[in-house]
Structure formats: C-alpha cells, structure tokens
Amino acid sequence: MTEPISTPSQTSPDRLHRLILPCNEVVKLISEAMDRPLPLGTQLRLRVHLLMCDACARYRQQLQSIRETLRTHPDQLTGPQRPTGPSSETRERLIEAMRKRQQP
Ligand SMILES: [Zn+2]
C-alpha cells in the first residue's frame, strides 16, 4: 500500500508564501525596507509573506531590535549596516575587544 505523500507540485498553504516571494528575497527586502521605501506591490507581497512565514517574521523582528539597539546605544555595537560608521577610535576598541575574546 502506498501512502499519499505531498509532492512539490502541490500548493499547500505553507508553501504559498514562498510562491509569492521566496524567503531569500524577503531577507533582502526586509533590510532594504528599513533604509528606503519599497514599491507598493513589493510591500504588499512582503507583508503577505511575513504573515505566513514565521522564520522571516522572526528575522524581521530581530533585525528591528538590532537596529533599535544601534540607534539608542550607538557606542556599544557596530556593523557594516550602520549608516554613520563608528569613530575610528570606537572601532579600534571593538576590534581589539573581539581579538581578545577570540584568543584562548
Ligand atoms: Zn519566509
């Protein structure tokens, strides 16, 4: 007896959001949307995807909280996405701190 197994051709609800917009596109768009407004059609597809995809919704929340931290505590964190780079002194300090942590 063969059991019915779902095939990729089946459009089940948990796949629908990936047809609307693939997850890897969503990840890109989420960070883009924080820097500049997206076209309305893209915004809508993004919103629908986020409603259906837990992973991407969680990613967006994390990114938002990271950006919030960067805004409120600019001296504590650094990253390539920061619009106004940290002063070279701050960066040196961070690099030094990271080096020390990596060493045994
Ligand atoms: Zn997704």
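This short talk describes how three helices pack in the structure shown above.

The model is predicted, so local features need pLDDT of at least 70, side-chain atom pairs count only at pLDDT 80 or more, and totals for chains, interfaces and linings use all residues. Residues are numbered from 1 along each chain as its sequence is written.

I begin with helix α2 (residues 23-35) and helix α3 (residues 40-52), helices being DSSP runs of H or I with at least four residues, numbered from the N terminus. Their axes, lines fitted to C-alpha atoms over the stretch in contact, come within 11 Å and cross at roughly 120°, on a scale from 0 to 180 degrees between N-to-C directions. That makes α2 oblique to α3, since angles under 35 degrees count as roughly parallel, over 145 as roughly antiparallel, 65 to 115 as roughly perpendicular and the rest as oblique. The contact, which requires C-beta atoms placed from the backbone to lie within 7 Å, involves Val 26, Leu 29 and Ala 33 of α2 with Thr 42, Leu 46 and His 49 of α3.

I turn now to helix α4 (residues 54-72), whose axis comes within 10 Å of that of α2, with a crossing of roughly 25°. The two helices, α2 and α4, are therefore roughly parallel to each other. From α2, the contact draws on residues including Cys 23, Ile 30 and Met 34; from α4, Tyr 59, Leu 63 and Arg 67 are among them.

Finally, which residues does Cys 53 contact, leaving aside its neighbours within four places in sequence? They are His 17 and Cys 23.

Key
Contact = placed C-beta atoms within 7 Å.
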